[in-house]
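Here is a short tour of one protein chain, meant to be read with the viewer open. Have a look around first, then come back for the briefing.

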Amino acid sequence: MAQIPAPPPEPQDTLDSYVGLAPEDAGRRARSRGWQTVRALPPGAVITMEYRAGRLNLEVKDGRVARVWKG
């Protein structure tokens, strides 16, 4: 039986460094640092809660990133 490949390691990044950025700038920065998927979400958005390695979530309020979390 074939082994299931391990997901690539997540970038070593300081998530708070995205707070206050415009979502476009935060997305470019995140991708350049190795994040595979970047989601910009409004506050209180209904989203799936499954953890996905390599995904960065940006909560955008008033045109700026207000909160950041992995998965």
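## What lies over the helix

The buried residues of helix 1 are covered by surroundings that include strand 1, strand 2 and strand 3. The model you are looking at is predicted. Its chain contains 1 helix and 3 strands, arranged along the sequence in the pattern α-β-β-β.

**Overall picture**

- The C-alpha trace spans about 50 × 25 × 15 Å along its principal axes.
- Of the 71 residues in the chain, 34% count as buried.
- The accessible surface amounts to about 5,000 Å², and 54% of this belongs to carbon and sulfur atoms.
- If we take the contacts between residues at least 6 apart in sequence, 36% of them join residues at least 24 apart.

**Helix 1 and its two sides**

- Which residues of helix 1 are buried? They are Pro23, Ala26, Gly27 and Ala30.
- These residues sit on the same side of helix 1, because the arc they cover around the axis is only 100°.
- On the face turned away from the buried side you will find the exposed residues Glu24, Arg28 and Ser32.
- As background, an α-helix has 3.6 residues a turn, so residues three or four places apart point the same way.
- Just after helix 1 comes Gly34, with a positive phi near 110°.

**The strands**

- Strand 1 and strand 2 run parallel and are paired over 5 bridges.
- Within this part of the model, Thr37 has Arg55 in strand 2 as its bridge partner.
- Strand 2 (residues 55-61) also pairs with strand 3 (residues 64-70), this time in the antiparallel sense and over 6 bridges.
- Two places to check this pairing are Asn57, which stands opposite Trp69 in strand 3, and Lys61, whose bridge partner in strand 3 is Arg64.
- Strand 2 is mostly covered, with 6 of its 7 residues buried.

**The hairpin turn**

- Strand 2 and strand 3 form a hairpin, and 2 residues lie between them.
- Asp62 belongs to the loop between strand 2 and strand 3, and it has a positive phi of about 55° although it is not a glycine.
- Is Asp62 buried or exposed? Asp62 counts as exposed, because its relative accessibility is 76% and the cut-off for exposed is over 50%.

**The nonpolar core**

- The largest nonpolar core has 11 residues in all: Leu15, Tyr18, Leu21, Ala26, Ala30, Trp35, Val38, Leu56, Leu58, Val65 and Val68.
- Helix 1 (23-32), strand 2 and strand 3 each contribute at least two residues to this core.
- Ala26 is a good residue to click on: leaving aside residues up to four places away in sequence, Ala26 touches Tyr18, Leu21, Leu58 and Val65.

**Salt bridges**

- How many salt bridges does the structure hold? There are 5, and three of them are described here, beginning with Asp13 and Arg33.
- Asp13 and Arg33 form a salt bridge whose closest N and O atoms are 2.7 Å apart. This pair links distant parts of the chain, 20 residues apart: Asp13 is in the segment before helix 1, and Arg33 is in the loop between helix 1 and strand 1 (37-41).
- Arg33 counts as partly exposed, since its relative accessible area is 39%.
- A second salt bridge joins the side chains of Asp25 and Arg28, at 2.4 Å from N to O. Both residues lie in helix 1, 3 residues apart, or about one turn of the helix.
- Asp25 counts as partly exposed at 38% relative accessibility, whereas Arg28 counts as exposed at 52%.
- Glu50 and Arg55 form another salt bridge, with their closest N and O atoms 3.8 Å apart.
- Which partner in that pair is buried, at 3% relative accessibility? The buried partner is Arg55, while Glu50 is partly exposed, with a relative accessible area of 43%.
- In general, side chains of opposite charge can pair when their charged atoms come close.

Definitions and conventions: Residues numbered from 1 in each chain as written. Predicted model: local features only at pLDDT ≥ 70, side-chain atom pairs only at ≥ 80, totals over all residues. Heavy atoms only, no water. Pairing = 2+ DSSP bridges. Helix = DSSP H or I, 4+ residues; strand = E, 2+ residues; numbered from the N terminus. Core = buried A, V, L, I, M, F, W, Y, C linked by side-chain atoms within 4.5 Å. Buried < 20%, exposed > 50% of the residue type's maximum accessible area, 1.4 Å probe, protein only. Contact = heavy atoms within 4.5 Å. Salt bridge = Lys/Arg side-chain N within 4 Å of Asp/Glu carboxyl O. Arc of directions from axis to C-beta. Areas by Shrake-Rupley, 256 points an atom, 1.4 Å probe, with all protein chains shown as cover.
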